Amino acid sequence: MNSFTSKLLQIANKAGALSLLNILYIICCLPLVTIGAACTALYTCIFLMPDSKDGHLVRTFFSSFKAHFRQSTLLWVGTCALSGLLSLELFIIRQFPDYAAFPLTVVVAVFLAYLYLLSCCLFAFAARFRAKTRFILRSCFILVARHLFLTLILALMNGAIPLFLILRPGSFLSMLPLVIFLGFSGIAYINGRILTQIFIKENLIADTENEASSGSL
């Protein structure tokens with residue numbers, strides 16, 4: 001019974017921490033240009049969450065937001081600009097003859113899709129590893145190629161909320177409380193666990209869970 005109560009308390013504490021992070025994330029995303037820094041700050045807290053208290057999470061969030069602001073904003077603005085450019089290319093290609101438009105559309109669409117997959121890793125990588133922007137871009141480009149299936153899961157997770165609202169616009173109000181209190185941080189939490197497994201497979205970090213379990217045997 002005590003074990004069950006302890007488990008419930010752990011779940012409640014984690015849900016509370018995620019709700020707090022979700023609200024902080026939404027507030028810091030409001031200027032739009034700060035979305036990249038907010039994503040990096042969110043992932044920083046997600047990776048540290050098992051050892052953090054609520055007050056520490058708040059300090060960690062804003063400390064990471066400030067520390068990564070320049071780099072993450074550059075990554076965010078660069079990603080948006082390139083996405084806009086590729087989208088414009090798709091619009092221009094529509095004016096071409098069909099025999100030329102189709103292959104060009106496929107090529108540009110593939111680049112656009114890969115850019116989206118890349119964006120699913122960039123800010124988490126920046127949060128987990130302090131590195132130069134060029135190294136982050138190169139590393140994430142390789143990670144996406146090597147772990148395409150897991151990255152596709154990340155992409156589906158990140159697009160779950162907007163996709164659901166596009167398909168079911170009438171459910172916006174009913175979904176709003178979930179989005180405000182858990183939507184983004186909950187997805188980031190799941191993504192963080194997936195990305196941690198990718199980092200372990202690439203020997204970027206140690207498998208601390210397995211080390212802890214093996215040490216206890």
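In the predicted model, Leu104 is in contact (heavy atoms within 4.5 Å) with Ile93 and Phe96, once residues up to four places away in sequence are set aside. Leu104 belongs to helix 5, where helices are DSSP runs of H or I with at least four residues and strands are runs of E with at least two, numbered from the N terminus. The relative accessibility of Leu104 is 34%, and the residue therefore counts as partly exposed, the classes being buried under 20% relative accessible area, exposed over 50% and partly exposed in between, for a 1.4 Å probe and protein chains only. Between the C-alpha atoms of Leu104 and Phe123, which lie 19 residues apart along the chain, the separation is 30 Å.

Residues are numbered from 1 along each chain as its sequence is written, and side-chain values rest on heavy atoms, with hydrogens and water left out. Because the model is predicted, local features require pLDDT of at least 70 and side-chain atom pairs count only at pLDDT 80 or more, whereas totals for chains, interfaces and linings use all residues.

The protein contains 10 helices and zero strands, and its elements, read from the N terminus, follow the order α-α-α-α-α-α-α-α-α-α. The C-alpha trace spans about 70 × 45 × 35 Å along its principal axes. Of the 217 residues in the protein, 38% are buried. When contacts between residues at least 6 apart in sequence are considered, 74% join residues at least 24 apart. The accessible surface, obtained by the Shrake-Rupley method with a 1.4 Å probe and, for residues, with only the protein chains shown counting as cover, amounts to about 13300 Å², and 70% of this area belongs to carbon and sulfur atoms. The protein carries 16 positive and 8 negative charges, whose mean positions are 7 Å apart; Lys and Arg count as positive and Asp and Glu as negative, while His and the chain ends are not counted, and each charge is placed at NZ of Lys, CZ of Arg, CG of Asp or CD of Glu.

The largest nonpolar core, a set of buried Ala, Val, Leu, Ile, Met, Phe, Trp, Tyr and Cys residues joined through side-chain atoms within 4.5 Å, comprises 53 residues, of which Leu21, Ile46, Phe61, Leu195 and Phe199 touch the most other members. At least two residues of this core are supplied by each of helix 1, helix 2 (35-48), helix 3 (54-67), helix 4 (69-93), helix 5 (98-128), helix 6 (133-146), helix 7 (148-158) and helix 9 (172-201). Helix 5 provides the largest share, with 13 residues. For Phe199, the contacts beyond its neighbours within four places in sequence are Phe47, Phe125, Arg128, Phe129, Leu143, Leu204 and Ile205. Ser19, a residue of helix 1 (residues 2-29), counts as buried because its relative accessibility is 19%. With residues up to four places away in sequence not counted, Ser19 touches Phe181, Leu182 and Ser185.

Helix 4 has 25 residues and, at 1.5 Å a residue, should span 36 Å, which agrees with the 36 Å between its end C-alpha atoms; the expected span is 1.5 Å times one less than the number of residues. The buried residues of helix 4 are Gln71, Ser72, Thr73, Leu75, Thr79, Leu86 and Ile93, and their cover includes helix 2, helix 5 and helix 6. Gly78, also placed in helix 4, is partly exposed because its relative accessibility is 38%. The C-alpha atoms of Gly78 and Ala124 are separated by 16 Å, with these positions 46 residues apart along the chain counted as their sequence distance.

Most residues other than glycine have a negative phi. Leu32, in the loop between helix 1 and helix 2, has a positive phi near 70° and is exposed, with a relative accessible area of 56%. A positive phi, near 60°, is also found for Asn203, which lies in the loop between helix 9 and helix 10 (208-215) and counts as exposed at 69% relative accessibility. The loop between helix 9 and helix 10 also holds Ala206, which is partly exposed, with a relative accessible area of 41%. Ala206 and Val179 are 27 residues apart in sequence, and their C-alpha atoms are 33 Å apart in space.
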